[in-house]
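Subject: Structure handover

Hello,

Here is the structure you asked about, with notes on what turned up in it. The notes follow the structure below.

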Amino acid sequence: YRSKIMDKKTNIPGIYKSSENGALLNKDLASLEQYKKRKKQGIILKEMENDVAELKSDIKEIKDLLRSLVK
């Protein structure tokens, strides 16, 4: 990390302005970790939703096959 360059604080907590190029930097690592955790949970949830949809489809197919066997 650029230890020699001093970033200027802004009025927003965790946000700094780079003295090198004027870019805004977010140094709030706790928020970053929360974001990553939420994103990972969202991916896991989406995978579970896909699995449930696939299981529903499989069950429907099995029911249809059983119905055709009964006839």
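Ser-18 is buried, since its relative accessible area is 4%. The model is a predicted one, and the values here are computed from it. Ser-18 sits in the loop between strand 2 and strand 3, and its side chain makes a polar contact of 3.3 Å with the side chain of Asn-21. Ala-23 belongs to the loop between strand 2 (15-17) and strand 3 (24-26). Ala-23 is partly exposed, at 30% relative accessibility. Its C-alpha atom is 9.7 Å from that of Asp-7, with the two positions 16 residues apart along the chain.

Salt bridges

There are 4 salt bridges in the structure. One of them joins the side chains of Asp-7 and Lys-27, at 2.8 Å from N to O. This pair connects distant parts of the chain: Asp-7 is in the segment before strand 1, Lys-27 is in the loop between strand 3 and helix 1, and they are 20 residues apart. Strand 1 covers residues 8-9. Asp-7 counts as buried because its relative accessibility of 11% is under the 20% limit. Lys-27 is partly exposed, with a relative accessible area of 33%.

Two further salt bridges are in helix 1. Asp-64 pairs with Lys-60, their closest N and O atoms being 3.2 Å apart; these residues are 4 residues apart in helix 1, about one turn of the helix. Arg-67 also pairs with Asp-64, with 3.6 Å between the closest N and O atoms, and here the spacing is 3 residues, again about one turn of the helix. Lys-60, Asp-64 and Arg-67 are thus joined into one network by salt bridges that share partners. Within this network, Asp-64 is partly exposed at 35% relative accessibility, whereas Lys-60 is exposed at 53% and Arg-67 is exposed at 52%.

Surface patches

Glu-47, Asp-51, Glu-54, Asp-58 and Glu-61 form a negative surface patch. Glu-47 lies in helix 1, which spans residues 29-70, and is partly exposed with a relative accessible area of 47%.

A nonpolar surface patch of about 310 Å² is made up of Leu-29, Leu-32 and Tyr-35. Leu-29 is in helix 1. Leu-29 counts as exposed because its relative accessibility of 59% is over the 50% limit.

Regards

How values were computed. Residues are numbered from 1 along each chain as its sequence is written. This is a predicted model: local features need pLDDT of at least 70, side-chain atom pairs count only at pLDDT 80 or more; totals for chains, interfaces and linings use all residues. Side-chain values use heavy atoms; hydrogens and water are left out. Patches are made of residues with over 30% relative accessible area and no salt bridge: like charges are joined within 9 Å, nonpolar side chains (Val, Leu, Ile, Met, Phe, Trp, Tyr) within 5 Å. Accessible areas come from the Shrake-Rupley method with a 1.4 Å probe; for residues, only the protein chains shown count as cover. Lys and Arg count as positive and Asp and Glu as negative; His and the chain ends are not counted. The place of a charge is taken as NZ of Lys, CZ of Arg, CG of Asp or CD of Glu. Helices (H or I, at least four residues) and strands (E, at least two) are DSSP runs, numbered from the N terminus. Buried means under 20% relative accessible area, exposed over 50%, partly exposed in between (1.4 Å probe, protein chains only). A polar contact is a pair of N or O atoms within 3.5 Å; within protein, one must be able to donate a hydrogen and the other to accept it, and residues adjacent in sequence count only if both atoms are side-chain atoms.
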